[in-house]
Amino acid sequence: MPDSMRAVTVRESDIGIFDGLHTWEKDPRRSIHIDEVPIPAIGPGEVLVAVMASSINYNTVWSSIFEPIPTFKFLSKYGRTAAGRGHDLPYHILGSDLSGVVLRTGPGVNKWKPGDEVVAHCLSVDLEGPDGHNDSMLDHEQRIWGYETNFGGLAEISLLKANQLMPKATHLTWEEAAAPGLVNSTAYRQLVSRNGAQMKQGDVVLIWGASGGLGSYATQLVRNGGGIPVCVVSSPQKAEICRAMGADLVIDREAEGYRFWRNATEPDPKEWRRFGAQIRELTGGADPDIVLEHPGRETFGASVYVARRGGTVVTCASTSGYDHHFDNRYLWMNLKRIVGSHFANYRESWEANRLIMSGAIHPTLSKAYALEAAGQAIADVHGNVHHGKVGVLCLSPEEGLGISDTERRAKYSAELSRFRVSETGIR
């Protein structure tokens with residue numbers, strides 16, 4: 001083992017560099033560093049993993065622009081606990097996804113051994129209290145690894161709890177295998193789990209950002225589970241991707257000119273009604289049974305309005321803002337439900353990964369950057385110029401490595417390439 005490693009970090013000394021700028025003016029390339037840092041010490045129940053590849057999620061965008069608060073506040077709080085000793089540092093190693101190889105295991109780790117090829121889910125929890133034992137996401141000490149903890153996946157070596165590890169799919173490359181973890185598990189809990197909307201066959205599901213990181217897995221889960229996805233996208237190219245996933249009902253919100261706010265303070269219910277009418281036109285008169293809601297402020301009023309009587313709006317993330325506005329008459333008088341959903345528990349993550357391993361759900365990787373270009377990868381996601389997931393190569397020297405089941409891979413070659421970006425666009 002070396003004494004140090006390269007890692008993608010933000011630095012506590014940089015807090016304040018974006019003061020006075022609007023969210024969309026904050027450039028992650030200014031705050032992201034590739035630093036040489038010490039390899040963290042391993043403790044009981046922990047593992048060190050050689051990271052072959054990672055990927056970008058929106059929580060890494062938030063960390064990079066210090067919104068809604070600098071993540072060093074999370075590290076400071078965690079560092080005061082026994083489990084988090086050593087996490088409170090003047091730098092934060094980001095990243096909530098990885099694929100790689102187990103290097104070392106700490107005391108008490110029995111399931112995994114050095115040499116195992118793994119992926120990781122991002123739920124970090126010890127379950128010392130009673131609250132999380134029916135659903136570990138309810139534990140008061142639940143944290144998201146690489147966001148609310150240090151030593152995330154955007155590094156050459158990462159420190160995780162052993163119960164975060166899951167088997168890597170043998171037909172996938174390192175960069176493909178690193179892409180689904182956070183978003184696939186999040187979509188699974190939102191849509192399929194008893195903790196979410198409990199989607200059933202035939203359900204009409206409205207999916208915002210259906211070609212993006214979360215939406216691309218939601219679209220597949222709806223299709224795979226016998227539902228009817230209604231995909232909302234922002235360009236003809238993104239609409240084409242949804243159709244390639246088998247989604248026939250697609251709304252290009254930019255082409256339709258939807259503007260759900262009259263101005264900064266007033267929503268526009270007329271646009272909600274116009275949107276609802278287009279959904280019914282596509283579905284033959286049906287309103288959505290489920291709305292997968294993650295943009296937040298910009299779309300939430302429309303989401304509540306268009307959900308069917310007795311339907312469910314399941315929400316996370318709020319990437320356009322946390323201050324949600326909706327007309328409660330459409331909620332209470334039509335007996336709709338709003339369900340808050342945050343990542344997934346270990347069982348849900350394992351089930352979501354099993355779908356990846358079986359080939360029922362496929363990675364939606366569009367592009368992979370070198371570790372040195374992680375700032376650009378994060379900027380792509382921040383600017384919404386990406387499709388699906390954006391990957392980062394860590395120790396893997398090039399794309400295409402890590403496949404051990406070529407026969408299975410050949411079976412899914414079309415599905416694995418539908419998000420890939422070439423010089424001329426989507427392949």
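## A first walk through the model

Let's start with Gln-190, which sits in helix H5. Keep in mind along the way that this is a predicted model. Is Gln-190 buried or exposed? With a relative accessibility of 0%, Gln-190 counts as buried, since buried means under 20%.

What does Gln-190 touch, once its neighbours within four places in sequence are set aside? The list includes Gly-196 and Ala-197, along with Leu-214, Leu-292 and Glu-293. Val-314, Thr-315, Cys-316 and Ser-341 are also in contact with Gln-190. Gly-310 lies 120 residues away from Gln-190 along the chain, and the C-alpha atoms of these two are separated by 17 Å.

**Just past helix H5**

Now move along to Ser-193, in the loop that links helix H5 (181-191) to strand E11 (204-208). Ser-193 is buried too, at a relative accessible area of 7%. Which residues does Ser-193 touch, not counting those up to four places away in sequence? They are Tyr-188, Gln-198 and Glu-348. With Glu-348 there is a bit of extra detail: the side chains of Ser-193 and Glu-348 are joined by a polar contact of 2.6 Å.

**Two loop residues with positive phi**

Next come a couple of backbone oddities. Leu-127 has a positive phi of about 60°, although it is not a glycine. You'll find Leu-127 in the loop between strand E7 (123-124) and strand E8 (143-144). Leu-127 is partly exposed, its relative accessible area being 29%.

Phe-343 is another residue other than glycine with a positive phi, here near 40°. Its loop runs between strand E16 (337-340) and helix H12 (346-358). Is Phe-343 buried or exposed? With a relative accessible area of 3%, Phe-343 is buried.

**Helix H2 and its surroundings**

How do helix H2 (residues 58-65) and helix H13 (residues 374-382) pack? Their axes are 9 Å apart and meet at an angle of about 105°. H2 and H13 are therefore roughly perpendicular to each other. On the H2 side, the contact is made by Tyr-58, Thr-60, Val-61, Ser-64 and Ile-65. H13 brings Ile-378, Val-381 and His-382 to the contact. Sorted by class, the contact of H2 with H13 has five nonpolar residues, three polar ones and no charged ones.

Follow the chain from H2 towards helix H3 (72-79) and you pass through a loop that holds Pro-68. The peptide bond from Glu-67 to Pro-68 is cis, with omega near -10°.

**An open sheet of three strands**

Time for some strands. One open sheet has three of them, in the order E2-E1-E4, with antiparallel pairing. Which strands stand at the edges? Strand E2 (33-38) and strand E4 (91-93) do; each has a single partner strand, so one side of each is left without a neighbour in the sheet. Direction ignored, neighbouring strands of this sheet are turned by 60° against each other on average. Strand E1 (residues 4-11) pairs with E2 over six bridges.

**Strand pairs at a glance**

Here are four antiparallel pairs side by side, each with one residue and its opposite number in the partner strand.

| Strand pair | Bridges | Residue and partner |
|---|---|---|
| E1 and E2 | six bridges | Val-8 and Ile-34 |
| E3 and E9 | five bridges | Val-47 and Leu-160 |
| E3 and E5 | six bridges | Val-51 and Gly-100 |
| E5 and E6 | three bridges | Val-101 and Glu-117 |

Strand E3 (residues 46-55) turns up twice here: E3 runs antiparallel to E9, and E3 also pairs in the antiparallel sense with strand E5 (residues 99-105). E5 pairs in turn with strand E6 (residues 117-120).

**A closer look at strand E9**

How many of the residues of strand E9 (residues 157-161) are buried? Five of its five are, and the strand is mostly covered. Ile-157, Leu-159 and Lys-161 point one way from E9, while Ser-158 and Leu-160 point the other way, and all are buried. Leu-160 is also the residue of E9 that serves as the bridge partner of Val-47.

Key:
Residues are numbered from 1 along each chain as its sequence is written. This is a predicted model: local features need pLDDT of at least 70, side-chain atom pairs count only at pLDDT 80 or more; totals for chains, interfaces and linings use all residues. Side-chain values use heavy atoms; hydrogens and water are left out. Axes are lines fitted to C-alpha atoms, for helices over the stretch in contact, and angles run from 0 to 180 degrees between N-to-C directions. Helices (H or I, at least four residues) and strands (E, at least two) are DSSP runs, numbered from the N terminus. Angles under 35 degrees count as roughly parallel, over 145 as roughly antiparallel, 65 to 115 as roughly perpendicular and the rest as oblique. Contact means heavy atoms within 4.5 Å. Ala, Val, Leu, Ile, Met, Phe, Trp, Tyr, Cys and Pro count as nonpolar, Asp, Glu, Lys and Arg as charged, and the others, Gly among them, as polar. Buried means under 20% relative accessible area, exposed over 50%, partly exposed in between (1.4 Å probe, protein chains only). A polar contact is a pair of N or O atoms within 3.5 Å; within protein, one must be able to donate a hydrogen and the other to accept it, and residues adjacent in sequence count only if both atoms are side-chain atoms. Two strands pair if DSSP finds at least two bridges between them.
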